[in-house]
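Reader: Before I use this model, I would like to ask how its contacts and angles come by their names.

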Amino acid sequence: MKNFTLNDGNKIPALGLGTWKSQAGDAYQAVKEALRLGYRHIDAAWIYQNEAEVGQGIHEAIAEGFVKRQDVFVTSKLWNSFHDPKDVEHGCRESLDALGLDYIDLYLMHWPIAFRPETFMPQSPDDFWPLSSLPLSKTFNAMLKLKALGLVKSVGVSNFSVKKLDQLIAESGVVPAVNQVELHPYNPQVELLDYCRDHGIHLTAYSPLGSGDRPESMKAQNEPPLLENANINEIAVSAGLSPAQILLAWAIDRGTSTIPKSTNPNRIAENLAAQAYVLSDADRSKLDNIGIQFRYVSPQQWFIPGVTYQSDDFWD
Ligand SMILES: NC(=O)c1ccc[n+]([C@@H]2O[C@H](COP(=O)([O-])OP(=O)(O)OC[C@H]3O[C@@H](n4cnc5c(N)ncnc54)[C@H](OP(=O)(O)O)[C@@H]3O)[C@@H](O)[C@H]2O)c1
C-alpha cells in the first residue's frame, strides 16, 4: 500500500475505505472485508453513527489475523457540537469508546462550524455558536492536547478553505497535518492543493466518486453524475479499468489520499486495485481539464436565515 508522509512524520495510506452512509450490518462487513483484502486506512466519524460497527469490523479483522492494530490507520472526526474546548476530549472519547480503540490515528475537526452542545443537527439560529465567540483555533488547540494524552496520533481539519487554513495557522501557530475535502475532476480545488503543498498540509479527497448514494434531500436537481462522464469512461475503456478506478488513480497521482465508500465486496476490491494504475500524461491532462465544475457535498441545510454562516462565505 502506497503511503504519504504527514508533517508530523506519521504516514497515511493513499487509499482508504469511506464509511459515511454505510448502513447497520453493511458497515461492519465492509470494514472487515476491506482489511482482509489489504486496506490499511478506514475513514470514520462520530456523526456517521456507525462507529461501533466500524470498530467491530476492525476488531474481528485483528482477531482473525488479517491485520495488526498498529498497521491500520483509523481516522475519526470531532462533531460540530463538541467545539467548546471543554467538550473536545469528551467528543473524542465517545468515538474511541464506540470504535473500541485506545487511540485514533488521525482526528479531524469535521466542519469549520460550531453548534451548541447537544445539537445533533441545527434547527434554529440559537443552535449555532458564532465563530466570533468560539474561534476555530480554540477548538483546534484543544484537539492538539489530545495528542499529549495519547488519544490521537495526528490532528487535522476538514472542509477548510485557504482563508480558514491561513487564519487557523496564524492564530494557533500550528499547521494541521491534514485537510480532508471534496476532491475529484469536477471539484479539483487547484488553489487549495497548491496552498497545502506549499504549507506541508496533506489533502485527503472525499467523495472521490461523486457520492451518488447521498440522500435525495442533499442532491441538486440535474446534478452531473461523475461516474457517467464521457471522457472518464473513454479513458477507462482504453485502460481496461472502470471509471471509478480512473478517478481513484487520478486522486493518488495528485498526491492526495482518497477514501471511496463502498459496502459491496467486488467494488471494495476494485477500488483497492486502482492504486496500482499509473496515469499517462495525456489522461492526466484530460482529467485535469474536464471543463465541469460541481460540488456534491454542501452543508446547505445549515445556512438558515439569521445564522452567521452563509454559503457565500463558507467556501471562501
Ligand atoms: N469530511 C467530510 O465532511 C466528508 C464528507 C463526505 C464524505 N466523507 C468521507 O468520504 C467517504 C467517501 O465519500 P462519499 O461516501 O460521499 O462518496 P463516494 O465514495 O464518492 O461514493 C460512494 C458511492 O459510490 C459507489 N461506489 C463505490 N465504489 C464504486 C465503484 N467501484 N464503481 C461504482 N460505484 C462505486 C458506492 O456504492 P456501493 O457502496 O454500493 O459500492 C456509493 O454509492 C465517505 O464515506 C466519508 O468517509 C467525508
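Reader: What makes a side-chain atom of Ser158 a polar contact of the ligand?

Author: A polar side-chain atom of Ser158 lies 2.8 Å from a nitrogen atom of the ligand, and a polar contact is a pair of N or O atoms within 3.5 Å, so the pair qualifies. The model is predicted, with local features needing pLDDT of at least 70 and side-chain atom pairs pLDDT 80 or more, while totals for chains, interfaces and linings use all residues. Residues are numbered from 1 along each chain as its sequence is written, and side-chain values use heavy atoms, without hydrogens and water.

Reader: Which side-chain contact does Ser211 make with the ligand?

Author: An N or O atom in the side chain of Ser211 is 2.7 Å from an oxygen atom of the ligand. For Trp20, a backbone N or O atom lies 3.0 Å from a ligand oxygen atom.

Reader: Why are α8 and α10 called roughly perpendicular?

Author: Helix α8 (residues 243–253) and helix α10 (residues 281–288) pack at about 95°, their axes being 11 Å apart; angles of 65 to 115 degrees count as roughly perpendicular, and therefore the name applies to α8 and α10.

Reader: Which residues bring the two helices into contact?

Author: With contact meaning heavy atoms within 4.5 Å, Ile246, Trp250 and Asp253 in α8 meet Arg284, Leu287 and Asp288 in α10.

Terms used: Axes are lines fitted to C-alpha atoms, for helices over the stretch in contact, and angles run from 0 to 180 degrees between N-to-C directions. Helices (H or I, at least four residues) and strands (E, at least two) are DSSP runs, numbered from the N terminus. Angles under 35 degrees count as roughly parallel, over 145 as roughly antiparallel, 65 to 115 as roughly perpendicular and the rest as oblique. A polar contact is a pair of N or O atoms within 3.5 Å; within protein, one must be able to donate a hydrogen and the other to accept it, and residues adjacent in sequence count only if both atoms are side-chain atoms.
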